[in-house]
Amino acid sequence: MARRPASADNGILDLVGVGFGPSNLALAIAIEEHNAARSPQDALNVSFLERQTSFGWHRGMLLEGATMQVSFLKDLVTLRNPASDFSFLSFLHEQNRLVDFINHKTQFPLRQEFHDYLEWAARRLDHLVSYDLRVVDLRPVLVDGEIALVDVVAVRGDTGETVIHRARNVVLAVGLEPQVPAGIDLGERVWHNYDLLHRVASMPATSRERFVVIGAGQSAAEVTEFLHTRHPAAEVIAVFARYGFSPADNSAFANQIFDPSAVDDFFTAPPAVKEMLSSYSRGTNYSVVDIDLIDELYRRMYQEKVHGRERLRMMRASRLLDLRPLADGVSLDVEFLPTGTRETLESDIVVFATGYRSRDPRQLLGTLAEHCPSDATGHPHIGRDYRLRTDPGTTAGVYVLGATEHSHGISSTLLSNVAVRAGELLRSIITAAAGIADTTASVSSPTRTAGTTPITGADESTTRTVNELSALATR
């Protein structure tokens with residue numbers, strides 16, 4: 001019988017991934033392929049924890065007809081392993097749709113179809129992921145005076161039970177969170193576009209037949225087009241500070257900023273050059289819209305002028321000054337910037353398509369945060385391999401995916417490099433493990449620093465309930 005890996009024998013995982021969106025899904029695939037090519041004793045023992053009850057990626061914006069803005073070849077695996085059977089083309093083949101897709105002559109699949117692909121890949125890795133678990137803390141564990149392990153503390157959504165996984169490495173890939181202007185409270189009639197479809201499904205009465213969309217990017221344009229189509233009797237007003245929707249620069253040279261090699265260039269650049277590169281590349285991703293969608297919105301607006309009934313209105317070069325709830329709607333004050341003229345609108349629904357921001361990984365570091373110093377700008381120190389810099393005497397690895405645009409460039413939060421990034425991170429973990437002596441049989445020294453948990457044995461289970469580990473977890 002083949003010997004089980006040491007980590008499996010004593011319940012310590014080689015890696016716990018926090019979050020199971022595209023970044024950690026790509027990493028899980030890379031690990032699955034790594035393990036398949038090795039003996040059981042050399043395989044990595046891993047688990048991924050996801051707060052959602054099932055896999056989902058931007059489900060609120062899976063609008064009919066909406067397409068991806070990235071080539072299908074930048075899927076979960078192809079740029080790392082073109083022969084992988086987790087590719088988008090393998091998915092199409094299994095769905096008996098490969099020939100049809102080829103005939104379609106497009107690089108950009110439907111967003112719904114790509115979501116189906118991600119779900120298909122995630123289902124194949126169900127044995128590696130636990131859903132409905134919200135991670136609330138990372139607790140350092142001392143082994144012979146070193147922080148060699150991390151207890152990942154999570155709460156189960158349906159029961160409130162606390163579950164703890166102990167691991168040598170933790171990968172934080174917790175995605176993006178919606179961003180709205182300061183002072184804006186989302187509610188029944190004030191939405192962010194991230195959950196548009198769910199909101200529309202339970203929308204309150206719209207006696208004014210008017211929607212207002214705030215924002216100038218792809219999502220704002222898509223929401224404007226969607227509401228204008230879905231509600232043929234309603235007026236849809238788009239409010240943005242630009243003079244019109246600006247087209248995305250998706251030309252070949254501009255797109256090189258998303259190349260894997262561009263990450264190296266950005267990471268090694270001095271701060272002034274980083275700022276310059278970020279400024280130059282904003283036109284590829286931020287507050288820009290696909291030209292086909294711009295043309296379609298303009299076509300509709302012009303056609304309505306011809307017919308004398310204008311339902312689609314663009315309030316360009318304008319900004320929102322104030323928003324007030326009404327009993328059956330929302331009141332907005334909007335300023336036209338060139339003249340300072342103000343107009344008050346009453347709307348049934350206001351949708352903020354004002355983008356996202358990366359979740360601050362320090363919010364999840366919890367107890368471990370004091371062992372992860374920040375740089376001069378207040379950001380966590382993150383290495384080229386996405387590993388957080390930690391205090392001396394720390395051998396446990398903590399990696400961050402997504403919240404690295406300041407250090408790794410504009411592709412950090414995008415799909416463009418998920419496959420390559422997964423390979424780089426896996427290589428870092430394997431390389432680091434090769435240089436660290438096995439600590440699984442060690443017992444911690446009786447002294448410890450604040451915020452750390454000494455290891456009390458080598459045969460505890462990987463997943464522990466709060467009753468089993470309550471004393472350990474509260475030290």
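1. Is I164 buried or exposed? In this predicted model, I164 is buried, because its relative accessible area is 2%, which falls under the 20% cut-off for that class. The residue belongs to strand 6, which covers residues 162–167. Although I164 and D137 are 27 residues apart along the chain, their C-alpha atoms are separated by 9.6 Å.

2. The largest nonpolar core has 46 residues, and the members that touch the most others are F20, L25, L27, F48 and L76. Two or more residues each come from helix 2 (22–36), strand 2 (46–50), helix 3 (88–94), helix 5 (111–123), strand 3 (129–131) and helix 13 (418–434). Helix 2 makes the greatest contribution, giving seven residues to this core. As background to this point, nonpolar side chains tend to be buried together in soluble globular proteins.

3. L27 shows how distant parts of the sequence are brought into contact in the model: leaving out residues up to four places away in sequence, L27 touches L15, F48, V171, A422, L425 and L426. Apart from this core lies another one, made of 28 residues, which include W191, F240, L297 and M301.

4. Helix 13 deserves a point of its own. The helix has 17 residues, and the distance from its first C-alpha to its last is 24 Å, close to the 24 Å expected at 1.5 Å a residue. Its buried residues are V418, A419, V420, R421, A422, G423, E424, L425, L426, S428 and I429, a list in which charged residues such as R421 and E424 stand beside nonpolar ones. These buried residues pack against strand 1 (15–18), helix 2, strand 7 (169–172), helix 8 (260–268) and strand 18 (397–400).

5. Turning to the sheet, five strands form an open arrangement in the order 9-16-10-11-12, and their pairing is parallel. Strand 9 (190–192) and strand 12 (312–315) are at the edges, and each has a single partner strand, so one side of each is left without a neighbour in the sheet. On average, and with direction ignored, neighbouring strands are turned by 20° against each other.

6. Within that sheet, strand 10 (residues 210–214) and strand 16 (residues 349–352) run parallel and are joined by four bridges. For F211, the bridge partner in strand 16 is I349. Helix 7 (residues 218–230) packs on the sheet, where it touches strand 10, strand 11 (235–239), strand 12 and strand 16, and its direction makes about 170° with that of strand 10.

7. What span should the 13 residues of helix 7 have, and what is found? At 1.5 Å a residue the helix should span 18 Å, and its end C-alpha atoms are 18 Å apart, which agrees. The buried residues of helix 7 are Q218, A220, A221, E222, V223, T224, F226, L227 and H228. Q218 in helix 7 counts as buried because its relative accessible area is 15%, under the 20% cut-off. Apart from neighbours within four places in sequence, Q218 is in contact with Q69, V288, V289, D290 and L293.

8. The loop between helix 9 (271–281) and helix 10 (291–307) holds T284, which counts as buried at 15% relative accessibility. A polar atom of the T284 side chain lies 2.6 Å from the backbone oxygen of S281. Beyond residues up to four places away in sequence, T284 touches D249, A254, I257, F258 and I410.

9. Two backbone angles may be worth a look in the viewer. Most residues other than glycine have a negative phi. S287, in the loop between helix 9 and helix 10, has a positive phi of about 50° although it is not a glycine, and at 34% relative accessibility S287 counts as partly exposed. D132 is likewise not a glycine and has a positive phi, near 60°; this residue is found in the loop between strand 3 and strand 4 (133–143), and D132 is buried, with a relative accessible area of 17%.

Note on methods. Residues are numbered from 1 along each chain as its sequence is written. This is a predicted model: local features need pLDDT of at least 70, side-chain atom pairs count only at pLDDT 80 or more; totals for chains, interfaces and linings use all residues. Side-chain values use heavy atoms; hydrogens and water are left out. A nonpolar core is a set of buried Ala, Val, Leu, Ile, Met, Phe, Trp, Tyr and Cys residues joined through side-chain atoms within 4.5 Å. Buried means under 20% relative accessible area, exposed over 50%, partly exposed in between (1.4 Å probe, protein chains only). Contact means heavy atoms within 4.5 Å. Two strands pair if DSSP finds at least two bridges between them. Axes are lines fitted to C-alpha atoms, for helices over the stretch in contact, and angles run from 0 to 180 degrees between N-to-C directions. The expected span of a helix is 1.5 Å times one less than its number of residues. A polar contact is a pair of N or O atoms within 3.5 Å; within protein, one must be able to donate a hydrogen and the other to accept it, and residues adjacent in sequence count only if both atoms are side-chain atoms.
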